[in-house]
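Biologist: I would like a close look at one part of this model, with the parts around it brought in where they help. Please take the time to connect the details into one account.

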Amino acid sequence: MSAEKILVTGGAGYIGSHACVELLQAGYDVVVIDNLSNSKPESLVRVAKITGKVLNFVEADICDKQALRDIFSQHKIYAVMHFAGLKAVGESCEQPIKYYQNNVYGTLVLTEVMQQFGVKKIIFSSSATVYGEPNTVKYTEDLPVFGATNPYGKSKAMVEDMLQDLPVADALSKSRDPWKIILLRYFNPIGAHISGLIGEDPNGIPNNLVPYVSQVAVGKLEQLSVFGDDYPTLDGAGVRDYVHVVDLAKGHLNALQALNKITGCKAYNLGAGKGYSVLEIIAAFERITGKSISYKIVERRVGDIAENYADPGLALRELNWQTEKNLDDMVADTWRWQSANPNGYE
Ligand code: NAD
Ligand code: UFG
């Protein structure tokens with residue numbers, strides 16, 4: 001029997017490339033579609049180096065219906081892992097149309113073509129940001145998807161909403177081959193593959209904490225700004241649930257196996273279930289890299305919340321998934337990637 005073939009949208013990106021490694025190592029065949037708007041083809045060269053396996057790469061946009069049709073005509077796709085999307089919160093506030101076009105319309109085109117070709121299994125990269133600002137710090141999946149504070153987050157919530165309607169329509173038409181959809185709500189993915197060959201390669205100055213800290217550690221950036229030290233948290237700094245990108249990638253394989261067991265559309269948190277503060281992250285970097293991280297406390301960043309972390313219980317019960325790597329692994333692996341590739345894939 002030939003291996004199942006998975007279409008990975010956005011597979012050249014940070015999380016997608018790690019998912020490709022896990023898929024290939026687990027024996028799946030992989031087709032990647034990526035327009036390289038936020039990635040370099042070198043990431044896929046490195047995926048091949050890590051796994052010793054080849055994958056099919058199509059440089060195209062998911063909004064390009066014909067390109068998608070060509071892929072589904074040429075390959076018998078079993079399921080889609082849908083990572084392709086724009087993800088910069090600040091940019092989404094400045095250019096909302098670009099975000100809705102790419103993230104929402106792109107997913108519409110993708111699902112339309114999937115349906116035409118009878119491929120009705122999809123795992124979608126969602127985010128904890130869809131919960132908005134709930135009155136709790138520990139997020140369970142039954143919290144309302146409501147109040148995302150920026151167009152990026154709203155685009156994720158819109159796609160979730162849209163995807164939920166697909167199996168409903170199947171039920172109405174008594175489809176014998178209904179949609180099976182898993183929404184994975186990531187908390188804060190960090191870290192890199194243990195080989196140091198692939199990792200996060202942000203364009204320009206990073207917006208997110210860990211890429212910023214690691215560029216300070218490697219000497220590319222001078223000083224980190226810590227956004228606020230007066231939050232009601234253990235040390236006043238913001239607290240987030242950091243999850244190792246390889247754990248996250250493995251969560252997608254578990255989801256793939258669970259697709260047949262679920263009915264309709266189901267959401268799962270992927271997080272460690274524990275938060276760390278910005279100051280704890282800085283301390284871990286200093287300890288593990290042996291470098292001192294220069295930082296200054298500045299005003300809170302608009303739109304930030306004080307603290308959140310996942311209740312990852314549902315993913316454990318139904319996907320048989322939990323994080324295996326700890327904060328030291330996350331920092332050590334980030335550092336291995338950053339120090340071996342100070343300029344990313346260039
Ligand atoms: P990334 O930018 O590294 O990867 C996304 C990839 O998709 C890139 O390679 C980009 O070139 C590609 N892409 C974007 N639009 C495309 C289009 N229209 N057609 C084809 N390819 C396209 O980002 P990532 O961190 O790997 O994130 C992957 C997914 O996970 C995204 O959907 C993101 O919103 C989501 N997510 C990320 C985080 C995070 O903190 N990294 C958190 C929650 C959710
Ligand atoms: N932070 C700093 N200095 C920086 C960058 C971040 O102090 O230079 C702090 C933030 O204030 C926050 C923490 O570090 O307390 C983490 O910030 P990130 O920007 O790394 O991550 P966020 O939690 O803000 O955002 C992440 C994803 C978004 C997603 C959001 C909600 O990057 O895509 O989680 O789930 F929308």
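Biologist: How closely do the axes of helix H7 and helix H9 come, and at what angle do they cross?

Modeller: The model is a predicted one, and what follows should be read with that in mind. The axes of helix H7, which covers residues 209-217, and helix H9, which covers residues 278-289, come within 11 Å, and they cross at roughly 35°. These are the quantities to begin with, because two packed helices are described by the angle between their axes and the distance between the axes. The handedness can be added to that description, since the crossing of H7 and H9 is right-handed.

At the level of residues, H7 brings Leu-209, Val-210, Val-213 and Ser-214 to the contact, and these meet Val-278, Ile-281 and Phe-285 of H9. By class, the residues of this contact divide into six nonpolar and one polar, with no charged residue among them.

Leu-209 leads from the helix pair to ligand 2, for in addition to its place in the contact with H9 it is listed, together with Ser-225, Arg-240, Arg-301 and Asp-304, among the closest of the 18 residues that surround this ligand. The shell around ligand 2 draws its largest share, four residues, from strand E9, which runs over residues 224-227, and its residues divide into eight nonpolar, seven polar and three charged. Asp-304 has an N or O atom in its side chain 2.6 Å from an oxygen atom of ligand 2; a backbone N or O atom of Thr-129 lies 3.2 Å from an oxygen atom of the ligand, and for a polar side-chain atom of Ser-127 the corresponding distance is 3.4 Å. Of the 690 Å² of accessible area that ligand 2 has on its own, the protein covers 88%.

Ligand 1 can be described in the same terms. This ligand is surrounded by 26 residues, and the closest are Ile-15, Asp-34, Asn-38, Ser-39 and Tyr-152. Helix H1 (14-25), strand E5 (121-127) and helix H6 (151-172) each supply at least two residues of the shell, and the largest share, three residues, comes from E5. The shell residues divide into eleven nonpolar, eleven polar and four charged. Ile-15 places a backbone N or O atom 2.8 Å from an oxygen atom of ligand 1, while a polar backbone atom of Phe-83 is 2.8 Å from an oxygen atom of the ligand, and a polar side-chain atom of Lys-87 is also found 2.8 Å from an oxygen atom of ligand 1. Taken alone, ligand 1 exposes 820 Å², of which the protein buries 95%.

One further residue, Leu-55, lies in the loop between helix H2 (42-51) and strand E3 (56-59). Leaving aside its neighbours within four places in sequence, Leu-55 is in contact with Cys-20, Leu-24, Val-30, Val-32, Leu-44 and Val-47. Its C-alpha atom is separated by 48 Å from that of Asp-230, which is 175 residues away along the chain.

Definitions and conventions:
Residues numbered from 1 in each chain as written. Chains lettered and ligands numbered in written order. Predicted model: local features only at pLDDT ≥ 70, side-chain atom pairs only at ≥ 80, totals over all residues. Heavy atoms only, no water. Near = heavy atom within 4 Å. Polar contact = N/O pair within 3.5 Å; in protein donor to acceptor, adjacent residues only side chain to side chain. Areas by Shrake-Rupley, 256 points an atom, 1.4 Å probe, with all protein chains shown as cover. Nonpolar A, V, L, I, M, F, W, Y, C, P; charged D, E, K, R; others polar. Axes fitted to C-alpha atoms, helices over the stretch in contact; angles between N-to-C directions. Left-handed = near helix turned anticlockwise from the far one by under 90°. Contact = heavy atoms within 4.5 Å.
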